[in-house]
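Biologist: I'd like a close look at one part of this model, the place where the ligand sits. Could you walk me through it in plain words?

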Amino acid sequence: QRNPVGKLLLFGATGDLSQRMLLPSLFNLHADGLLPEELIIIGSARGELDDGGFQEFAHHALNEYLPDERKDEEQITGFLKRLQFQPADLSDANCFQALADKVGDVSGGLCIFLSTAPSLFEPAIKGLKSVGLTGDTVRIGLEKPLGYDLASSRQINEAVFAAFPEPRTFRFDHYLGKETVQNILALRFGNSFFEPVWNARGIANVQITIAETVGLEERAGYYDGMGALRDMVQNHILQLLALIAMEPPARFDGQAVRDEKAKLFHSLRPITAEEAEHDTVIGQYTSGAMKGEVVKGYVDELGKPSDTETFVAIKAHVDNWRWQGVPFYLRTGKRMATRRSEIAIEFKPVPHSMFQSRANKNEGGRLQPNTLIIRLQPEEYVQLLVMAKEPGLDRNGVRLREVPLNLSLDAEFAGTRRRIAYERLLLDFIEGDQTLFVRRDEVEAQWAWIDAIREGWAANGMKPKKYPTGTWGPSASIALTERDDVTWQDD
Ligand code: BG6
């Protein structure tokens, strides 16, 4: 049941995420009439802005990052009226009283969003507690990364829990706010025909790819030392995996969905040090051509030597009845050939092909396994690749060809604006619906699995293999699937 708050306190309000995503998302919610009428948004960050200065800052961010058709000056003026500002240096315990004074009465509900470095989570929460900003009407939202390993994540979770019980804690993973990601649930649980084959009897393998073309993007301070495994696999890729592989939840609510995801994370087979060498591949991009321009390699961009991986591929397993023996191939990387987030589910081949036999070596009768492709980015579509007869009168038998059954979400819902993932999440945060937020047991199970992989790399002295910008990663990642006779979809 939804329970909207009257105030939102946004830490990190002048940061990059705020400018590119949070302020435009809040504006869109405002413009669509979805924010509570009375909602006040108090930005906070280091620096000396006042209310007017922050409104100017936000105006600039909206001009920069909203598409032209959304720039309605009247709407923008209305939105800016909601904005206030209170400077704060979260590492300074003395800043909190002024914050509490600015926020004032919280009986109408307050959401506090920490879009800051995780090292500030603990001092922030202590400070908020010291001035009474953690009571029953207050919710806390946390932006990733939630630590850099299981121990640090536990420490953050403990500190948060000391002030905010789990039902008032909202851990953001923006992938869960993407329409197409929620569409995985609609496909799986809104249709009857997938479920009977959605298991090891029907599915041969699952591939999850998040390929990016961007490089470091001036985030060296955060990214170097963090790497692709912790930046992308620990959260986004594992969440996608859970939505694909979890058991059907009884209800679409925070408890039922997250119970199933947590169970799934606990069923991930830990990757041992021995397996890490065989079942994982790490890479780091070197210079190469990107959209016709030569771009620097990672180390040059960074300006110092580094063993941080910008690419990772993993062969994972889920140890339960449904998925026994089905490999889940996961990969993500920066500076890859193209930007693409996609899940490909390859079904088992037909048990016998009548179109091609020893006696009838009809090349046109070769069957490809059915594959379901869920494309999340940049386009949004679902495709089921099926075999169909090629039209024609071939004397050597029927010629078959793989053709897509196509559901283009872009075309089907053409009149509907594509929302920023944070719109969904900020709205749910403000209204108190936890379904699309990550629960503590999930995040800790995710980290436990990731930590084992990193320990394996350390034990084996594994270093990233170089791959040129604009490619699909080190060749070892191709070998990772090919030795199982599986080809990455669409390379
Ligand atoms: C973030 C990562 O969580 O997700 C970034 O920190 C990455 O490194 C980004 O670029 C990708 O998000 P999206 O929505 O562009 O796929």
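Modeller: Sure, let's start with the helix that matters here: helix H9, residues 227-245, gives the most to the shell around the ligand, with three residues. Keep in mind that this is a predicted model, so read everything below as computed from that prediction.

Now for the shell as a whole. The ligand is surrounded by 13 residues, and the closest are Tyr 175, Lys 178, Glu 212, Asp 231 and His 236. What kinds of residues make up the shell around the ligand? Seven are charged, three are polar and three are nonpolar.

Next, zoom in on single atoms. Glu 212 has a polar side-chain atom 2.5 Å from an oxygen atom of the ligand. For Lys 178, the distance from a polar side-chain atom to a ligand oxygen is 2.6 Å. Lys 144 joins in as well, with a polar side-chain atom 2.8 Å from an oxygen atom of the ligand. A pair of N or O atoms within 3.5 Å is a polar contact. As for how covered the ligand is, picture it taken alone: it exposes 400 Å², and the protein buries 82% of that.

Let's step back to the chain around this site. Its secondary structure comes to 16 helices and 17 strands. Along the principal axes, the C-alpha atoms fill a box of roughly 85 × 50 × 45 Å. The radius of gyration is 24 Å, and that agrees with the value near 23 Å that a compact globule of 491 residues would have. Of those 491 residues, buried ones make up 54%.

One last thing you might wonder about is the cysteines. How many disulfides does the structure hold? The number is zero. Take Cys 95: its sulfur is 20 Å from the closest cysteine sulfur, the one in Cys 111, so the two are too far apart for a bond. Seen from the other end, Cys 111 is in no disulfide either, with the sulfur of Cys 95 as its nearest cysteine sulfur, 20 Å away. Are these cysteines buried or exposed? Cys 95 counts as buried because its relative accessibility is 10%, and Cys 111 counts as buried because its value is 0%. The cut-off behind both calls is that buried means under 20% relative accessible area.

How values were computed
Residues numbered from 1 in each chain as written. Predicted model: local features only at pLDDT ≥ 70, side-chain atom pairs only at ≥ 80, totals over all residues. Heavy atoms only, no water. Near = heavy atom within 4 Å. Polar contact = N/O pair within 3.5 Å; in protein donor to acceptor, adjacent residues only side chain to side chain. Areas by Shrake-Rupley, 256 points an atom, 1.4 Å probe, with all protein chains shown as cover. Helix = DSSP H or I, 4+ residues; strand = E, 2+ residues; numbered from the N terminus. Nonpolar A, V, L, I, M, F, W, Y, C, P; charged D, E, K, R; others polar. Disulfide = S-S within 2.5 Å. Buried < 20%, exposed > 50% of the residue type's maximum accessible area, 1.4 Å probe, protein only. Rg over C-alpha atoms; globule rule 2.2 N^0.38 Å.
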